[in-house]
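Let's walk through the packing of this protein together, one question at a time. Have a look at the model first, and then we can start with a single residue and its surroundings.

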Amino acid sequence: MSCVSDEINASRTQLWLESLGDWAWPGEVAVADALPLPPSWVPALPPRIEAAAATASQPGLIPWRGRATPRRLLIAVLLSALAAVSGALALRGSLTPSASLDRSAQSPPAPVASSASPTIPAPLPALVPVSHDRAGSSIDRSSFTSPALGGKGSFLVYLPPDYASTTAHYPVIYLLHGRNGHATAFLEIGIQKSLDRLIARHAIAPMIAVMIQDRPGLNNWRDLGARHSATYVVEVQELIDRMLPTIATRAGRAIAGSSMGGFGAMHAAIANPYRFAVVESWLGYFNNLGRELSSQRPILSRLGLSAFLYGAAADQATDPEQNPAFAAELRAAGARATSRIYPGDHSLRKVGEHLDSMLLFAGRSLRAAQRRAAAEEAQAAGPRRVSATGHQ
């Protein structure tokens, strides 16, 4: 399959990569938070294994006093082998991130192991209240030490009205900011009021919104060098499923972003087809994603994907024509993709103008995905679903 979006208008310069601070609200400059030392709850490193290794390397050294009976020799050998395996696993865990982009085209991702002891899970980071409004929703924040970033990770969370008084599980939309931007940009354009309004009108089901903060730089949401910002998105998603009452399945997750965040959202959705059912790109771009899409085509054609892509006609930062071109590639791969080119330019204000419709698309698409998943589960169960009376 030809990668139309990779070739369209190749001479056009991506100005925002060089100079356009698209996430600074007009008249203001976004300032990134300083990175503090790791919090106190971060687990200590695994115990040193020199003693066990020394024992394993000297067969005659038995860590017990007294006669070396055959039974004790057997126990010593077994303990030495166990220590060596544990040490190897500990070293391996310290060299790999706790989460990674799914690259397999064969099966869903296996649960990611924690670097802490399997019998004593690492404490989860706390949610710190930031604000609440008259509708009853709230904004919280949280931070943690991210293996993927090699430093501090953080995010803001929108919790819907009545969240504290129910036992419901909620779908989640993950939001990625623009180049060198800040997660608070979504609060600046009024995402809390938009979600409050749509939920109150029953236009969408109550949902959680997670606004992820990447580290400062010109290459947000990419895995480059020691900084794995694309993997970090998956890391946060898995953390949220442990921290909050989410619908922890593909049908319960959407991801969206603006400008460079639009690229990051599309990259995460395509590279992780078993994790996200809905993706949106707002004023984004799709450089080199055509090849990635082609490799995941067998999975997407089977699972499906709901996508909405839009650009701005007067955008001087990225080519708006990429949106219909890449939407066509998504449809060819089996996705349900819609694209638009709206009047206007590349700005946060433009994102705010279309925020309600994008949240509406995400909410309705997630509801449809959950219904499809429930129907497929019921169909798969088939004869096994027998009532208490013994009848189907």
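Q: Leaving aside its neighbours within four places in sequence, which residues is V210 in contact with?
A: This is a predicted model, so the contacts are those of the predicted coordinates. With neighbours within four places in sequence set aside, V210 is in contact with F155, L156 and V157, and also with V172, I173, Y174 and L175. The list is completed by V236 and I240.

Q: Which element gives the largest share of the largest nonpolar core?
A: The largest nonpolar core has 45 residues, and V210 is among those with the most contacts inside it, along with F155, V210's fellow member I212, and I255, M266, F326 and L330. Elements giving two or more residues to this core include β3 (151-159), β5 (208-213), α6 (229-243) and α7 (260-271). The largest share, seven residues, comes from α7.

Q: How many residues are in the second, separate core?
A: Apart from the core just described, there is a second, separate one. Its members include I189, W282, A312 and L348. The count for this second core is 36 residues.

Q: Is the pair of F144 and F155 stacked, tilted or edge-to-face?
A: A pair of aromatic rings is described by the distance of the centres and the angle of the planes. For F144 and F155 the centres are 6.2 Å apart and the planes are at 50 degrees. That angle is neither under 30 nor over 60 degrees, so the pair is tilted.

Q: Is F144 buried or exposed?
A: F144 sits in strand β2 (residues 138-146), and its partner F155 is in strand β3. The relative accessibility of F144 is 5%, and buried means under 20%. F144 therefore counts as buried.

Q: Which residues do ring pairs link into a cluster?
A: The structure holds nine aromatic pairs. The pair of F144 and F155 links parts of the chain 11 residues apart. Ring pairs link these two into a cluster with one further residue, giving F144, F155 and Y232.

Q: Is R275 buried or exposed?
A: R275 lies in the loop between α7 and β9 (278-282), and a polar contact of 2.8 Å joins its side chain to that of Q237. The relative accessible area of R275 is 5%. Since buried means under 20%, R275 is buried.

Q: At what distance from the ring centre of F263 does R222 lie?
A: Here an arginine is placed against an aromatic ring: R222 lies over the face of F263. Its distance from the ring centre is 4.8 Å.

Terms used. Residues numbered from 1 in each chain as written. Predicted model: local features only at pLDDT ≥ 70, side-chain atom pairs only at ≥ 80, totals over all residues. Heavy atoms only, no water. Core = buried A, V, L, I, M, F, W, Y, C linked by side-chain atoms within 4.5 Å. Buried < 20%, exposed > 50% of the residue type's maximum accessible area, 1.4 Å probe, protein only. Helix = DSSP H or I, 4+ residues; strand = E, 2+ residues; numbered from the N terminus. Contact = heavy atoms within 4.5 Å. Polar contact = N/O pair within 3.5 Å; in protein donor to acceptor, adjacent residues only side chain to side chain. Phe/Tyr/Trp six-rings, centres within 6.5 Å; stacked < 30°, edge-to-face > 60°. Lys NZ or Arg CZ within 6 Å of the ring centre and 35° of its normal.
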